[in-house]
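The following paragraphs are intended for a reader who meets this structure for the first time. They proceed from the pairing of strands to the overall form, and then to the interior.

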Amino acid sequence: MYVRVYDHPILGKMEEKKKVTIYVDGKEIEAYEGEMIASALVSNGIRVLRLTKRRLSPRGVFCAIGRCTDCVMTVNGVPNIRTCVTPVADGMQITTQRGTEEWGKE
Ligand code: FES
């Protein structure tokens, strides 16, 4: 299920924003400039953001305020980026993270 609120009963209508393109595991998706990576992914039906180190269990947005690290992904080659507090940028390359990953390793 895709979720994006364009007209919130309390916050009002979503203001017009510039669209950008990001790439998630090689798939091109549309996002709005200034929104958080995790928000763009959930809005596009992507709910698994990382896999745990030992069992490769799926994890997604949990706290959404940058505290739990369940949303970490590899962004532009840098692992362990908390996607719930990191805004998108045009052309950003994002990959689902397996385990903790380390700098310079794929
Ligand atoms: S969802 Fe908890 S740090 Fe991002």
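Two strands are said to pair if DSSP finds at least two bridges between them. With that term in hand, one may begin with a single position: threonine 21 stands opposite glutamate 30, a residue of strand 4. The model in which this is seen is a predicted one. Its mean pLDDT is 92, and 93% of the residues of the protein reach 70 or more. Confidence is highest in strand 9, at 98, and lowest in strand 10 (residues 97-98), at a mean of 92.

The protein as a whole contains one helix and ten strands. Along the sequence these elements follow the pattern β-β-β-β-α-β-β-β-β-β-β. The radius of gyration is 14 Å, close to the 13 Å that the globule rule gives for 106 residues, so the protein is as compact as a globular protein of that length. The C-alpha trace spans about 45 × 25 × 25 Å along its principal axes. Among contacts between residues at least 6 apart in sequence, 41% join residues at least 24 apart.

The sheets may be considered next. Strands of a sheet pair through backbone hydrogen bonds, either parallel or antiparallel. In this protein, five strands form an open sheet in the order 4-3-9-7-8, with mixed pairing. The edges are occupied by strand 4 (27-32) and strand 8 (78-82); each has a single partner strand, so one side of each is left without a neighbour in the sheet. From one strand to the next, the twist averages 40 degrees.

Within this sheet, strand 3 can be followed to both of its partners. Strand 3 and strand 4 pair in the antiparallel sense, over six bridges. These two strands form a hairpin with two residues between them, and in the turn aspartate 25 has a positive phi of about 50 degrees. With strand 9 (residues 93-95), strand 3 runs parallel, and two bridges join the pair. One of the positions concerned is valine 24, whose bridge partner in strand 9 is isoleucine 94.

A further open sheet consists of three strands in the order 6-5-10, and its pairing is also mixed. Strand 6 (58-59) and strand 10 are the edge strands, each pairing on one side only. Strand 5 (residues 50-51) and strand 10 run parallel and are joined by two bridges. Here leucine 51 stands opposite arginine 98 of strand 10.

The interior remains to be described. Of the 106 residues of the protein, 23% count as buried. The largest nonpolar core has 17 residues, and those that touch the most other members are Ile22, Ile37, Ala38, Ala40, Leu41 and Ile94. Strand 3 (19-24), helix 1 (37-43) and strand 7 (72-75) each supply at least two residues of this core. Helix 1 gives the most, with five residues.

Which residues does isoleucine 22 contact, leaving aside its neighbours within four places in sequence? They are Ile29, Ala31, Ala40, Val88, Met92 and Ile94. Isoleucine 22 lies in strand 3, and its bridge partner in strand 4 is isoleucine 29. A residue counts as buried if 20 or more other C-beta atoms lie within 10 Å of its own. Isoleucine 22 is therefore buried, because it has 21 other C-beta atoms within that 10 Å. Isoleucine 22 and glycine 91 are 69 residues apart in sequence, yet their C-alpha atoms are 5.0 Å apart in space.

Isoleucine 22 thus links the two parts of this account: it belongs to strand 3, which pairs with strand 4, and it is among the residues that touch the most other members of the largest nonpolar core.

Note on methods. Residues are numbered from 1 along each chain as its sequence is written. This is a predicted model: local features need pLDDT of at least 70, side-chain atom pairs count only at pLDDT 80 or more; totals for chains, interfaces and linings use all residues. A nonpolar core is a set of buried Ala, Val, Leu, Ile, Met, Phe, Trp, Tyr and Cys residues joined through C-beta atoms within 7 Å. A residue is buried if 20 or more other C-beta atoms lie within 10 Å of its own, exposed if 12 or fewer, and partly exposed in between; C-beta atoms are placed from the backbone. Helices (H or I, at least four residues) and strands (E, at least two) are DSSP runs, numbered from the N terminus. Two residues are in contact if their C-beta atoms, placed from the backbone, lie within 7 Å. Axes are lines fitted to C-alpha atoms, for helices over the stretch in contact, and angles run from 0 to 180 degrees between N-to-C directions. The radius of gyration is taken over C-alpha atoms; the globule rule is 2.2 Å times the number of residues to the power 0.38. pLDDT is the predictor's confidence in each residue, from 0 to 100.
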